[in-house]
Amino acid sequence: MKKLFSFKNFFIIFLNLFFCFYIIELAARFYISKSHDGIIWLKSPTPNYQANDKLGWFSIPNLKYEKVDSCFGSGVVSYNSDGFRGEAFTKRSDYDIVVVILGDSTVQSYQIPDGQHMADLLQEKLKAKYRNPFVVGMGVGGYGTAQQYLLLKKYYKKYRPDYIFHLWDKNDLENNSFEWEKHVGSGHNLQIPRPYLNERTKNFEVKKPMPLYLGSHFTFFKIVKKLNKVINNLFIQTGELPEVRKRARTTTKELISMIKTFASESIFTGLFFSYAKSSVYDIYSELEIPTIELPNMDDKRCLPKDYHINPKGHDAVADKIYSRISSLHN
């Protein structure tokens, strides 16, 4: 009788499965890259991140590339030497006003070319009132409030901003909770280990919400994301989610309070889209933080391809911030 199992047969089957898997994965990356940027990124669906021990991941400093897109705009996308959207920063004394827009993927906006990003547009508007204004988009895709706090803390002394506008997105609630990210599948944080606030010790701990972590390169593989969600669902009780949400809100309030306290020398303002009001407005109100509510911008997004705002949306955000600064300046 012929022996069916052998190391040779197993190795051949493994190679075939791996080859099929890799072809499917490359096809998925091709689709995502072309649909978002018009550029094919074979290493990952996006070139904008690198792993970071303290922050989880970070934008690549001095990254620069060209893109073509009928909705998000065509042109050069670049990051300054700190990994932020905006011009190169020289020294604080060169500027008569510095504005930081703090946030996640909406602030990073790797889809938006230079000159059409909210930081660039706001800087141009401010030239009507200031001799040499500087605006920086201090945002990284997938960041929660903990990472935003740590990012601001790292660069605050360098930029010493007069104004900080915290652009909130409602998925930040889940991004701030290690428990909640397990429930939702960690879809917004690249599935890379990230820092979470320990409410008991008030320290930040880098943890991985996904059990299957094979390194930052493999987190983009769709099959790895699917396996992680399946594994987590084996141990999650959906009835616990309401309590998890409550704890996430408590943690988020603590984190926003930490930003306000740390950046007390700056004028701090909360900024949110109308659809996200229910998730954060009460927190800002309890902390006595002034807010700006951005109107519905569905006509300024690239739906259904992508929910992020396009250059028209960025201009609308820049207008709102400019109006607030102008009212305070007068």
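Here a biologist quizzes a modeller about the words used to describe this predicted model.

Biologist: Let's start broad. How many helices and strands does the protein have?

Modeller: The secondary structure comes to ten helices and 13 strands. The protein has 330 residues, and buried residues make up 51% of them.

Biologist: Okay, "buried". Take Ser78: what makes Ser78 count as buried?

Modeller: Buried means under 20% relative accessible area. Ser78 has 17% relative accessibility, so Ser78 counts as buried. Ser78 sits in strand 4, residues 75–78. Leaving out residues up to four places away in sequence, Ser78 touches Leu63, Lys64, Phe84, Arg85 and Asp114.

Biologist: How do you know that the side chains of Ser78 and Asp114 make a polar contact?

Modeller: The cut-off for a pair of N or O atoms is within 3.5 Å. The polar contact between these two side chains is 2.5 Å, so the pair is inside that cut-off.

Biologist: Now the other end of the scale. Why is His329 called partly exposed?

Modeller: Exposed means over 50%, buried means under 20%, and partly exposed is in between. His329 has a relative accessible area of 40%, so "partly exposed" is the label. His329 is in helix 10, and this residue touches Lys129 and Tyr130, again not counting residues up to four places away in sequence.

Biologist: How far apart are the C-alpha atoms of His329 and Lys129?

Modeller: They are separated by 9.0 Å, with the two residues 200 apart along the chain. Across the protein, among contacts between residues at least 6 apart in sequence, 66% join residues at least 24 apart.

Biologist: On to helix pairs. Why is helix 3 called oblique to helix 10?

Modeller: Their axes come within 8 Å and cross at roughly 40 degrees. Roughly parallel needs an angle under 35 degrees, and roughly perpendicular runs from 65 to 115. The crossing angle fits neither range, so helix 3 is oblique to helix 10. The crossing is right-handed. On the helix 3 side, the residues that meet helix 10 include Leu121 and Leu122, and their partners in helix 10 include Ala318 and Ile321.

Biologist: And helix 4 with helix 8: what makes helix 4 roughly parallel to helix 8?

Modeller: Those axes come within 9 Å and cross at roughly 15 degrees. Angles under 35 degrees count as roughly parallel, so that is how helix 4 lies relative to helix 8. This crossing is left-handed. Among the residues that meet here are Tyr149 and Leu152 in helix 4, with Leu255 and Ile256 in helix 8.

Biologist: You mentioned Ile256. Which residues does Ile256 touch?

Modeller: Not counting residues up to four places away in sequence, the list is Thr145, His166, Trp168, Phe268, Val280, Ile283, Tyr284, Leu287 and Ile289. Ile256 is also one of the residues with the most contacts inside the largest nonpolar core, along with Met138, Leu151 and Tyr159.

Biologist: How many residues does that largest nonpolar core have?

Modeller: The core has 50 residues. Elements that each supply at least two of them include strand 6, helix 4, helix 8 and helix 9. Helix 4 gives the largest share, eight residues. There's also a second, separate core of 26 residues, including Val99, Ile292, Met297 and Ala318.

Biologist: Why would nonpolar residues gather like that at all?

Modeller: In soluble globular proteins, nonpolar side chains tend to be buried together.

Notes
Residues are numbered from 1 along each chain as its sequence is written. This is a predicted model: local features need pLDDT of at least 70, side-chain atom pairs count only at pLDDT 80 or more; totals for chains, interfaces and linings use all residues. Side-chain values use heavy atoms; hydrogens and water are left out. A nonpolar core is a set of buried Ala, Val, Leu, Ile, Met, Phe, Trp, Tyr and Cys residues joined through side-chain atoms within 4.5 Å. Buried means under 20% relative accessible area, exposed over 50%, partly exposed in between (1.4 Å probe, protein chains only). Helices (H or I, at least four residues) and strands (E, at least two) are DSSP runs, numbered from the N terminus. Contact means heavy atoms within 4.5 Å. A polar contact is a pair of N or O atoms within 3.5 Å; within protein, one must be able to donate a hydrogen and the other to accept it, and residues adjacent in sequence count only if both atoms are side-chain atoms. Axes are lines fitted to C-alpha atoms, for helices over the stretch in contact, and angles run from 0 to 180 degrees between N-to-C directions. Angles under 35 degrees count as roughly parallel, over 145 as roughly antiparallel, 65 to 115 as roughly perpendicular and the rest as oblique. A crossing is left-handed if the near helix is turned anticlockwise from the far one by less than a right angle, and right-handed if clockwise.
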